[in-house]
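Trainee: Could you take a close look with me at the annotated binding-site residues in this model? I would like to know where they sit and what surrounds them.

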Amino acid sequence: MSSKSGTPKKNLMLFSGRAHPELAEEVAKHLNVTVVPQTAHNFANGEIFVRFNESVRGTDAFVIQSHPAPINEWVMEQLIMVDALKRASAKRITVIMPFYPYARQDKKHKGREPISARLIADLFKTAGADRIMTVDLHTAQIQGFFDGPVDHLLAQNVLAAHINKTYQDENITVVSPDSGRVRLAEKWAAQLGDRPIAFIHKTRDPDKPNQAVANRVVGKVRGQLCVLIDDMIDTGGTIVKATEALLDEGASDVVIASTHGILSDPATERLSNCKAREVIVTNTLPIPEEKRFPGLTVLSIAPLLAQAIQQVFEDGSVTSLFDGNA
């Protein structure tokens, strides 16, 4: 007899970086597991050290890390965690990035520019990642940058459920902040009960980041509650200008719904002073108290992440979580 049979067993282990431990703990609670204890610290010169305090051999490892500022530090920490798991003989390593870093750099606008979103995918593949799980990519094509499975989760269900519950009796128009997200607006409109859509025609100078000019509103918004959707709010300039354009066109009110609340300065000041009735984001990124303001609603993405992790662990269908539309 040249071989020996054994009983295959799977062991799910959840690992968390230091950027947003509250999200990891919430995901762990939904999965009925605990986050694996680890030793992590920075040396005086900024180098990061990570060591896991339990054996990970043969495990199905899920490494969750959010990427707020300073984004490069948290990317590096997650890469080091993946490398440690690979060298400790984890069977499969799934990298969970609720907010994909450098997602806005997904193509070249001019010559001699990087495609940094592809670089991030290459770095994690080289480090040892077998799979990537993320939420609402800036553009869906980023899935093709990683040479392996990518679970692209959609926060639309989480955000839309809140809007349906809060504003179901209002006359809603779904508004895309630019012409590139009209298809997404159509999906939102269908989910909110076949609502009309509109979009903001805007221009952007590639030499001036975080600046956009809202030109005009395309679609009927007068007298409507406009649900203004986007994947991220960074400094808030684009979304606030879009809000002003809608109100100038006669919209009765504006509700802003976005997945990733980056909220770089001066976003909190801009959003708190704009005339939107409510700003809704998820906790894919940590939002500390100093960035919060009246009118801001933060919804948890943890149940969705936990469901997706469970499906991957059990070799189930992640697409089934979105009615086959993911």
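Mentor: Happy to; I will begin with the annotated sites and then move outward to the loops and helices.

Please keep in mind that this is a predicted model. The UniProt record, an unreviewed entry, places a "binding site" annotation on His138 and Asp178. Those two span 41 residues in sequence, yet their C-alpha atoms are no more than 13.0 Å apart, so they gather at one spot.

Let us take His138 first. His138 belongs to the loop that runs between strand S6 (131–135) and strand S7 (150–153). With a relative accessible area of 23%, His138 is partly exposed; the cut-off for buried is under 20%. If you set aside neighbours within four places in sequence, His138 is in contact with Ala103, Arg104, Arg181, Asp231 and Met232.

That same loop between S6 and S7 also holds Asp136. For your backbone checks, phi of Asp136 is near 45°, which is a positive value in a residue other than glycine. Asp136 has a relative accessible area of 16% and is therefore buried.

Now for the partner in the annotation. Asp178 sits in the loop between strand S8 (172–176) and helix H5 (182–191). Its relative accessibility of 18% makes Asp178 count as buried.

A further "binding site" annotation in the unreviewed UniProt entry covers Arg204, Asp230, Asp234, Thr235, Gly236, Gly237 and Thr238. Of these, Asp230 deserves a closer look. Asp230 is part of strand S11 (residues 225–233), and at a relative accessible area of 14% Asp230 is buried. Not counting residues up to four places away in sequence, Asp230 touches Pro177, Arg181, Ile239, Ala257, Ser258 and Thr259. Arg181 links the two descriptions: Arg181 is on the contact list of His138 and also on that of Asp230.

From there we can follow helix H5, which bounds the loop of Asp178. The axes of helix H4 (residues 156–167) and H5 come within 10 Å and cross at roughly 45°, so the two helices are oblique to each other. The crossing in which H4 passes H5 is right-handed. On the H4 side the contact is made by Gln156, Asn157, Leu159, Ala160, Ile163 and Asn164, and on the H5 side by Leu184, Lys187, Trp188 and Gln191. Sorted by class, the residues of this contact are 5 nonpolar, 4 polar and 1 charged.

A second helix pair is worth setting beside that one. Helix H1 (residues 21–31) and helix H8 (residues 302–313) have axes that come within 8 Å and cross at roughly 55°, which makes H1 oblique to H8. H1 passes H8 in a right-handed crossing. H1 contributes Leu23, Glu26, Val27, His30 and Leu31 to the contact, while H8 contributes Ala302, Pro303, Leu305, Ala306, Ile309 and Gln310. The contact of H1 with H8 divides into 8 nonpolar, 2 polar and 1 charged residues.

The backbone has a few more details for you to inspect. The peptide bond from Ala69 to Pro70 is cis, with omega near -5°, and Pro70 is in the loop between strand S4 (60–64) and helix H2 (71–87). Asp265 and Pro266 are also joined by a cis peptide bond, with omega about 5°; Pro266 lies in the loop between strand S12 (253–261) and helix H7 (267–273). Arg112 has a positive phi, near 65°, in a residue other than glycine. The loop between strand S5 (92–97) and helix H3 (116–127) is where you will find Arg112, and Arg112 is exposed, with a relative accessible area of 83%.

For wider context, the unreviewed UniProt entry annotates residues 12–128 as "domain: Ribose-phosphate pyrophosphokinase N-terminal". Over residues 12–128 the chain is 34% helix and 22% strand, with the end C-alpha atoms 17 Å apart.

Finally, here is a long-range distance to help you orient the view. Thr39 lies in strand S2 (residues 38–42) and, at 33% relative accessibility, counts as partly exposed. The C-alpha atoms of Thr39 and Ala189 are separated by 47 Å, with these positions 150 residues apart along the chain. Thr39 touches Phe49, Val50, Arg51 and Asn53, leaving out residues up to four places away in sequence.

Definitions and conventions. Residues numbered from 1 in each chain as written. Predicted model: local features only at pLDDT ≥ 70, side-chain atom pairs only at ≥ 80, totals over all residues. Heavy atoms only, no water. Axes fitted to C-alpha atoms, helices over the stretch in contact; angles between N-to-C directions. Helix = DSSP H or I, 4+ residues; strand = E, 2+ residues; numbered from the N terminus. Parallel < 35°, antiparallel > 145°, perpendicular 65-115°, else oblique. Left-handed = near helix turned anticlockwise from the far one by under 90°. Contact = heavy atoms within 4.5 Å. Nonpolar A, V, L, I, M, F, W, Y, C, P; charged D, E, K, R; others polar. UniProt positions renumbered as here; feature names shortened; annotations may be inferred. Buried < 20%, exposed > 50% of the residue type's maximum accessible area, 1.4 Å probe, protein only.
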